[in-house]
Amino acid sequence: MTEKKRRRRFGDRYEGRRLRTLSPMTYVAPYIMVDRNGASNLIKDTVVLTDLEDYIAKKRREGLAGFGMMYIFIAAYIRAVAKFPGINRFLSGQKIYARNNVQIVIDIKKQMKLNAQNTTIKLDFQPDATVYDVYEKFTAAFEENRVDTDVSAFDSAAKFLAYIPGVFLKFIVWFLKLLDYFGLVPKFLINLSPFHGSMFITSMGSLGIPPVYHHLYDFGNIPIFFSFGTKRTEVYLTRDGVVDERKVMDFSVVTDERICDGHYFAAALKCIRDSIKHPETLDEPPEEVVEDVE
């Protein structure tokens with residue numbers, strides 16, 4: 001799928017177009033709930049891993065080394081965007097925008113050691129991306145950033161900012177927030193920023209702990225933070241009254257409630273759950289990609 005080119009109108013931003021046909025309350029809410037964290041909703045859910053582990057094993061036999069749950073979660077979110085584009089909106093300057101593409105942000109440790117460096121990866125996708133697209137892009141990005149001596153553009157920018165005295169750095173961040181409010185942040189900084197994107201995802205499973213409810217960042221415009229935890233065994237009662245065990249994984253989602261209403265979010269979450277329950281549907285592009293309202 002090629003990105004649809006739209007004529008940029010007054011009020012649009014580099015990363016998205018302003019929505020002008022939403023309900024009046026949707027326009028008012030950002031002025032009442034000014035901060036992203038003050039408008040956060042938190043939800044936790046669980047997925048059964050029985051069929052998913054079979055699917056993951058199949059993908060690894062196909063040659064997708066290291067294929068795991070993270071790729072399924074990301075592909076399931078992108079598939080939900082294809083059907084419910086409202087979850088890919090964002091707020092800037094108290095205005096609501098439809099993002100031009102799907103941007104996934106993830107923070108990784110270059111090595112699984114306490115003192116190993118962290119870096120951030122941000123990749124662009126179109127809403128018709130498959131699980132193969134997700135795997136190929138992220139695998140390539142991981143390979144580029146897995147060595148401590150490798151320095152990404154984000155690492156270089158963070159290192160530069162770290163040398164600035166605190167009082168001046170505070171002013172720079174304030175000034176960047178001011179520019180961001182009016183949509184004046186330079187394009188190269190938007191592309192570099194880990195605080196601007198569709199969704200931030202983090203794995204607590206690699207640390208052996210349950211998922212956290214990670215706060216949203218008030219700087220930037222990411223409206224969704226997704227976290228998933230380690231595998232665990234759950235004891236449950238079958239319909240026949242038999243006590244049994246199964247492997248499950250918990251995940252948590254923190255959302256900015258101002259981008260769409262609860263009914264819409266619920267429908268999108270059900271879509272994500274359906275894709276995770278039937279991951280084979282992520283092997284092919286969606287039959288249709290729905291476009292957001294004007």
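1. A definition to start with: angles under 35 degrees count as roughly parallel, over 145 as roughly antiparallel, 65 to 115 as roughly perpendicular and the rest as oblique. Keep it at hand for the helix pairs below. Please also bear in mind that this is a predicted model.

2. Let us begin with helix H3 (residues 69–83) and helix H8 (residues 262–277). Their axes lie 8 Å apart, and the two helices pack at an angle of about 135 degrees. H3 and H8 are therefore oblique to each other. As for handedness, H3 and H8 make a right-handed crossing.

3. Which residues of H3 and H8 meet? On the H3 side they are Ile-72, Phe-73, Ala-76, Tyr-77, Arg-79, Ala-80 and Lys-83, while H8 brings Ala-268, Cys-271, Ile-272, Ser-275 and Ile-276. Sorted by class, this contact holds nine nonpolar residues, one polar residue and two charged ones.

4. H3 also packs against helix H4 (residues 131–145). Here the axes come within 9 Å and cross at roughly 125 degrees. That angle makes H3 oblique to H4 as well, because angles outside the parallel, antiparallel and perpendicular ranges count as oblique. The crossing of H3 with H4 is right-handed.

5. The H3 residues that touch H4 are Met-70, Tyr-71, Ile-74, Ala-75 and Ile-78. Their partners in H4 are Val-131, Val-134, Tyr-135, Phe-138, Thr-139 and Phe-142. By class, the contact of H3 with H4 comprises ten nonpolar residues, one polar residue and no charged residues.

6. If you want one residue of H3 to click on, try Ile-72, which sits in that helix. Is Ile-72 buried or exposed? With a relative accessible area of 0%, Ile-72 is buried, since buried means under 20%. Apart from neighbours within four places in sequence, Ile-72 is in contact with Leu-52, Tyr-55, Ile-56, Phe-67, Ile-276 and Leu-282. Of these contacts, Ile-276 is also among the H8 residues that meet H3. Ile-56 is 16 residues away from Ile-72 along the chain, and the C-alpha atoms of the two are separated by 9.0 Å.

7. Now to helix H1 (residues 24–32). Its buried residues are Thr-26, Ala-29 and Pro-30. Viewed down the axis of H1, these buried residues fall within an arc of 95 degrees, so they line one face of the helix. The face turned away from that buried side carries the exposed residues Pro-24, Met-25 and Ile-32. What covers the buried residues of H1? The cover includes strand S3 (89–92) and strand S4 (95–99).

8. Those two strands lead us to Gln-94, which is placed in the loop between S3 and S4. The phi angle of Gln-94 is near 60 degrees, a positive value in a residue other than glycine, so it may be worth a look when you display the backbone. Gln-94 has 14% relative accessibility and therefore counts as buried.

9. Last stop: Phe-219, in the loop between strand S7 (199–203) and strand S8 (224–237). What does Phe-219 touch, leaving aside neighbours within four places in sequence? Its contacts are Arg-36, Leu-176, Lys-177, Phe-195 and His-196. Val-293 is 74 residues from Phe-219 along the chain, with 26 Å between their C-alpha atoms.

Technical notes: Residues numbered from 1 in each chain as written. Predicted model: local features only at pLDDT ≥ 70, side-chain atom pairs only at ≥ 80, totals over all residues. Heavy atoms only, no water. Axes fitted to C-alpha atoms, helices over the stretch in contact; angles between N-to-C directions. Helix = DSSP H or I, 4+ residues; strand = E, 2+ residues; numbered from the N terminus. Left-handed = near helix turned anticlockwise from the far one by under 90°. Contact = heavy atoms within 4.5 Å. Nonpolar A, V, L, I, M, F, W, Y, C, P; charged D, E, K, R; others polar. Buried < 20%, exposed > 50% of the residue type's maximum accessible area, 1.4 Å probe, protein only. Arc of directions from axis to C-beta.
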